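Biologist: I have the sequence and the fold open side by side, and I would love a close look at one part. Could you walk me through a single strand and then what lies around it?

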Amino acid sequence: SALNSIWQGAASKYSQSVVWRYIGTIDGVFRIIPGTQLQTSYDHLKRGWFTRSISFPGQLTLSSPYLDAFGAGYVVTLGMTITQTADSTRTSAVGAVMAMDFTMGYLSNLLRSVDSNCESLRCIIMDTSGYLVFHPDFLTDTTSPEWVHLGLKEPFVMQDLVSRGIMQKQSCSRYDNLERHVTYKMVLGGGQRTVAGTLVCGAQTSITYAFENVQGTNVFVAYVSSASCSRSNPREHSTICPCESGNMLGRCSDASPMTCECPCTALLPYSPCNNSFPASGKLYDVCPADVFALPVVPRKPGSVDGLGPCFNGRCSSIEQSRTCRATVGCDWCSLSASLSELDSAYCSSDCVCFQGVEGRQNPNVACSGQQSRSGASRTAFYNVGGLGAAAMAATILLL
């Protein structure tokens, strides 16, 4: 009942930016607000938001951005485990995970509101593996922000962290396809929570950066000077820290532990004739098994048909880009279909403009009506109650 009163309370100022609030228990019970009909094969125990929080019990966890399956655009998930204590043994164990999704625009506005440095510096949020939760470029990029690594956006900073042994390569073996997966982990020695550096990458160009671990979470907040080497000479990206944009794991160019490259895969040395690995080869732990998606089972028609939309951001009435990008279902339209700048940018429904490009549509939204600045409507969400989210949205203010 307490959870109901929080989730179904009066509408708040967060209701246009916080998309979903949900809880999943170890026993398999799942609840989501606002209500929507999930596929019958949906299993929250195998979803990234659940397994990530289980891996960091007692901590707030943030995901990298991903395209919401129900039409909210690119969102970030904040989750945390809930423990239960056995009366007889007084021992605690994880009983559930509670989480919420919100827009990247909301996260950007939050950073600016709590830290004035973000007005002049590039403020970045990165998880412990180096994947970006937020980068200012995400607000204007026309490519997907999913699985973007630090090395792709800030190659000179990544190179310095690797050479200093702070960003360390981690390897595991996949014997089903004879591959070694190489990822990263931020390691700060001696109980440190911060690391800083200054790089010189040209006669008159340098970078100053600082990373700070946000205590009780799985992320770091980074500050990078706006006069960046990577911005002044973008052609050097591929030589400084090779990355394959759009791929979570590309092919490794160099297996050396001190070589900067985005997470990648390398072939394991194996002799098929002898059915053996070389004795001199290094053995790695086995990679965690992949979680395979269950077959999609179509929902029964009519159960939610006819219900009105949960979110109505009134996009056409929003005049500020920051407010527009933080509002569910809205996007700040600044580019034409040919990616040239519009004479006048405006806020519109993501049925009219998606990722800032006029004419693009959110692929997970059922758009109807005239596709113009003010004539489009979206039918991706279904209304089942109030949208009060102040209690859970306030949690992220701990950042």
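Which residues point one way from β7, and which the other way?

Modeller: Happy to! Please keep in mind that this is a predicted model. From β7, the side chains of Arg122, Ile124 and Met126 point one way, while Cys123, Ile125 and Asp127 point the other way. Both sets are buried. The strand covers residues 122-127, and six of its six residues are buried. Buried here stands for under 20% relative accessible area.

Now to the partners of this strand. β7 pairs with β13 (residues 219-224) in the antiparallel sense, over six bridges. Within that pairing, Asp127 is placed opposite Val219 of β13. β7 is also joined to β8 (residues 132-134), again antiparallel, by two bridges. There, Ile125 has Phe134 as its bridge partner. Four residues lie between the strands of this β7 and β8 hairpin, and among them you will find Gly130, with a positive phi near 95 degrees. As general background, strands of a sheet pair through backbone hydrogen bonds, in a parallel or an antiparallel way.

Ile125 leads us inward. The largest nonpolar core has 51 residues, and Ile125 is one of those that touch the most other members, along with Leu161, Met167, Met186 and Phe211. β13 gives this core its largest share, six residues. A second core, separate from that one, has eleven residues, including Val19, Trp49, Ala72 and Val328.

Met167 brings us back to our strand and its hairpin. Leaving aside residues up to four places away in sequence, Met167 touches Met126 and Gly130, and its other contacts include Leu150, Leu161, Tyr184 and Met186.

Met167 also falls within the span of β9 (167-174), which stands at one edge of a sheet. That sheet is open and has four strands, in the order β9-β10-β15-β14 with mixed pairing. β14 (250-251) stands at an edge too; β9 and β14 each have a single partner strand, so one side of each is left without a neighbour in the sheet. Further in, β10 (residues 179-186) runs antiparallel to β15, with four bridges between them. Arg180 has Ala266 of β15 as its bridge partner.

For a contrast with β7, try β11 (residues 194-200), where the side chains alternate. Val195, Gly197 and Leu199 face one way and are buried, whereas Thr194, Ala196, Thr198 and Val200 face the other way and are not. β11 pairs with β12 (residues 206-213) over seven bridges, in the antiparallel sense. In this pair, Leu199 is found opposite Ile207 of β12.

Let us also visit the surface. Tyr175, Phe277, Leu283 and Val286 make up a nonpolar patch there, and together they have about 420 Å² of accessible area. Phe277 sits in the loop between β15 (264-267) and α8 (321-326). With a relative accessible area of 33%, Phe277 counts as partly exposed.

Finally, here is the wider setting. The chain has nine helices and 21 strands. It holds 399 residues, 44% of which count as buried. If you take contacts between residues at least 6 apart in sequence, 56% of them join residues at least 24 apart. The chain exposes about 19800 Å², with 52% of that supplied by carbon and sulfur atoms.

Methods:
Residues numbered from 1 in each chain as written. Predicted model: local features only at pLDDT ≥ 70, side-chain atom pairs only at ≥ 80, totals over all residues. Heavy atoms only, no water. Buried < 20%, exposed > 50% of the residue type's maximum accessible area, 1.4 Å probe, protein only. Pairing = 2+ DSSP bridges. Core = buried A, V, L, I, M, F, W, Y, C linked by side-chain atoms within 4.5 Å. Contact = heavy atoms within 4.5 Å. Patch = residues over 30% accessible without salt bridge, like charges linked within 9 Å, V, L, I, M, F, W, Y side chains within 5 Å. Areas by Shrake-Rupley, 256 points an atom, 1.4 Å probe, with all protein chains shown as cover. Salt bridge = Lys/Arg side-chain N within 4 Å of Asp/Glu carboxyl O.
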